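Me: I'm new to reading protein models, and I'd like to ask how some of the labels are earned. Could we look at this one together?

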Number of protein chains: 2
Amino acid sequence: MKEILMIPGPTNVPDHIIKAMAKPLISHRSAAFHTLYDNISTNLKYVFQTENDVFILTSSGTGGVECAVANIISKGDRVIVPVHGDFSLRLKDTVKKFGGIPVELIVKWGNAPTASMIEETLEKEADVKGVFVVYNETSTGVTIRDLAKIGEVCRKHSVLFVVDTISNLGGDYLNVDEWNVDLCITGSQKCLACPPGLSMISVSNKAWKMIKTKGANSYYFDLLKFKQYHKKKETPYTPAIPLFYALEEGLQMLKLEGLKNRIIRHEKCANVFYEAAEASGLELYAAKPVRSNTVITIKNPQGINTNKMRKIMREKFGVLISGGMGAIKESTFRIGSMGIVSKKEVKITINALENALLSLGYRSEKG
Amino acid sequence: MKEILMIPGPTNVPDHIIKAMAKPLISHRSAAFHTLYDNISTNLKYVFQTENDVFILTSSGTGGVECAVANIISKGDRVIVPVHGDFSLRLKDTVKKFGGIPVELIVKWGNAPTASMIEETLEKEADVKGVFVVYNETSTGVTIRDLAKIGEVCRKHSVLFVVDTISNLGGDYLNVDEWNVDLCITGSQKCLACPPGLSMISVSNKAWKMIKTKGANSYYFDLLKFKQYHKKKETPYTPAIPLFYALEEGLQMLKLEGLKNRIIRHEKCANVFYEAAEASGLELYAAKPVRSNTVITIKNPQGINTNKMRKIMREKFGVLISGGMGAIKESTFRIGSMGIVSKKEVKITINALENALLSLGYRSEKG
């Protein structure tokens, strides 16, 4: 039985993307690589909805976040980092690693920071350099629905806006240029339906001004080096070429589907999960207005061992979902619904979930 | 015509290693991943000749070097970095990026630093924390033949010994434990004959003591996090799973051949290149006693446009070699002889080189 991956990344990768990796290796300083790089770059601008250059890093998404922080943060810089889940906690820790001082903004987990919260904090706090947010919290299943408004607030206050969109770019709305996102980071293994190992980052002119005067606190993630090689359609260091082949294919597939269609598909699939969960009397972790298009976080039903439940789903139905994460590790479980997800995978997953729950004696309070 | 890659990485990857990447994606928090991680770990210890743990980073080799530096160097730390090529220059720059003060040791390019040079410098300079070297300089084709002796000097002086072996681990002798190497870094795309995108680093107990008290100046490359997840046979962040599949296969292949046999094969292939170059009256960049097993750097023959020469080699013979690098970019060219290289590829390359030279009017002064 072939397992289906309904975890929040890595996700199911279509066969032709997998097969793209089997092309012969080429030199990363050759004309063939320049064409590959160019194809990827053009389509990344489309996915990011930006005229800014988008750089490709050989690293996990966490490396992409480190890249943003290392190029922006100098010792003592104060930045607003709303913490509303485990990944925004990581972001805060990364800011601290590089000597930054995170201005914490307390958000109850399950909710999202709002534009007015950010604006209030900006008005109260002096010398804030930027606002760093996680658009889609992979731990709580929450998406910041105010993202465009927060971008507008950042523009108004002349602070940088840095957005981690690792788990939803391509699966939810984001217009980097219109929404004033200065640095936008994503990963290959989520809504782009590619294997893990690459992260991508877009850089605005406003961000470049700061980066040029500051200089990166990293050699590997130095964006000025990436910009210099970008002109030659190359990366400064040897890139993970097979993953570039896969990304080229994945982006081509996305372009054929159309970004908007892909987002709507993600939205529809997530809604089927939300409706099914509610119909079964399962409690969602995220507040309704900020529910994610890509990660469904569900509270563990009372009396049910969800580790056992997941084991049954996997062994009997070939469906892999995830446990909780961070502070809510023991009280939630998560379904990833991203990439090439369709009604078919959603139905199989819901069926597996309902059957596993039933076999463990779960009875909906509603039913 | 299928091209053969005779550049200093990425190198030719055998079909079954390429095919290994096509296996279905798995969760990086699953039992299947634990087995994969375990297989790789065991074989990496063999390749590194160490009882230390070896960590796998989703990054280029340069990321591996950054990892070593970020975990060791605190602001103001003085370390000896002999600069004898473009990659040791990078290493020096990385040390500086992290606030370290490189104690420069002047080595004429084409030569290698010696144990007595290092010892003299250690005796002259106060407060030195470590010695950072590039074992095999991919720019000059020079290998530090005194590496074991330098390790002994470092042990005697109680300083850390950090070695970048990116372009020759598996292709030249190195015994991490016997040679007192505290941090040893390599990459996937050189002598291991795997695709690029992973780097590996071993950490000694002596290094751990320092790392534990210092803490990393990086979130992504924090070795303490890697150590913590290593116990679970996992990586802290989503790894490049297809590249792990390839590495598993590549290491299995290396084990079947035997490390010593693989090194001897590299040595023999390099020697055929050296003999052919000398017979053709071509001048080698590296001094004879420190010539590399894996990278052959040749001075451009007078009056020959080696860019044209490389173009002919590629277009007429399907053989790809490299130009020079850094300060010797315009005066040298390079052949990479690594991974699965055999007499066959060596012969094809020499034949292509000689024919291309001939067609450009090259006449050996010897002939």
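Me: What makes a set of residues here a nonpolar core, and which of them have the most contacts inside the largest one?
Reply: Good place to begin, and keep in mind that this is a predicted model. A set is called a nonpolar core because its members are buried nonpolar residues joined through C-beta atoms within 7 Å. The largest such core here has 231 residues. Ile201(A), Val131(B) and Ile201(B) have the most contacts inside it.

Me: Which residues does Ile201(B) touch, not counting residues up to four places away in sequence?
Reply: Among them are Val54(B), Phe55(B) and Leu57(B). Gly64(B), Cys67(B) and Ala68(B) are touched as well, and so are Leu183(B), Cys184(B) and Ile185(B). Each pair counts as a contact because the C-beta atoms lie within 7 Å.

Me: How do you know how the two copies, chain A and chain B, are related?
Reply: Try laying chain A on chain B: a turn of 180° with a shift of 0.0 Å along the axis does it, with an RMSD of 0.0 Å. The two copies are therefore related as by a two-fold rotation axis. In chain A, Ser59(A) has the C-alpha nearest that axis, 2.6 Å away.

Me: What shows that the same surface serves both copies?
Reply: Of the contact residues of chain A, 100% recur in chain B. The contact takes 39 residues from chain A and 39 residues from chain B. On the side of chain A that touches chain B, α1 (15-20), α3 (61-72), α4 (86-97) and α9 (241-257) each supply at least two residues. The largest share, four residues, comes from α3(A).

Me: How do the residues on that side of chain A divide into nonpolar, polar and charged?
Reply: They divide into 20 nonpolar, 14 polar and five charged.

Me: Where do the domains of chain A lie in the sequence?
Reply: The domain assignment gives domain 1 as 4-9 + 259-359 and domain 2 as 15-256. Taken over C-alpha atoms, 26 Å separate the centres of domain 1 and domain 2 of chain A.

Me: What makes up the contact between domain 1 and domain 2 of chain A?
Reply: It takes 25 residues from domain 1 and 28 residues from domain 2 of chain A. On the domain 1 side, α10 (259-279) and β11 (295-299) of chain A each supply at least two residues. The largest share of that side, four residues, comes from α10(A). The residues of the domain 1 side divide into 14 nonpolar, eight polar and three charged.

Definitions and conventions: Residues are numbered from 1 along each chain as its sequence is written. Chains are lettered from A and ligands numbered from 1 in the order in which they are written. This is a predicted model: local features need pLDDT of at least 70, side-chain atom pairs count only at pLDDT 80 or more; totals for chains, interfaces and linings use all residues. Domain bounds come from an automatic or database domain assignment. Two residues are in contact if their C-beta atoms, placed from the backbone, lie within 7 Å. Ala, Val, Leu, Ile, Met, Phe, Trp, Tyr, Cys and Pro count as nonpolar, Asp, Glu, Lys and Arg as charged, and the others, Gly among them, as polar. A residue is buried if 20 or more other C-beta atoms lie within 10 Å of its own, exposed if 12 or fewer, and partly exposed in between; C-beta atoms are placed from the backbone. Copies are superposed by least squares on the C-alpha atoms of residues with pLDDT of at least 70 in both.
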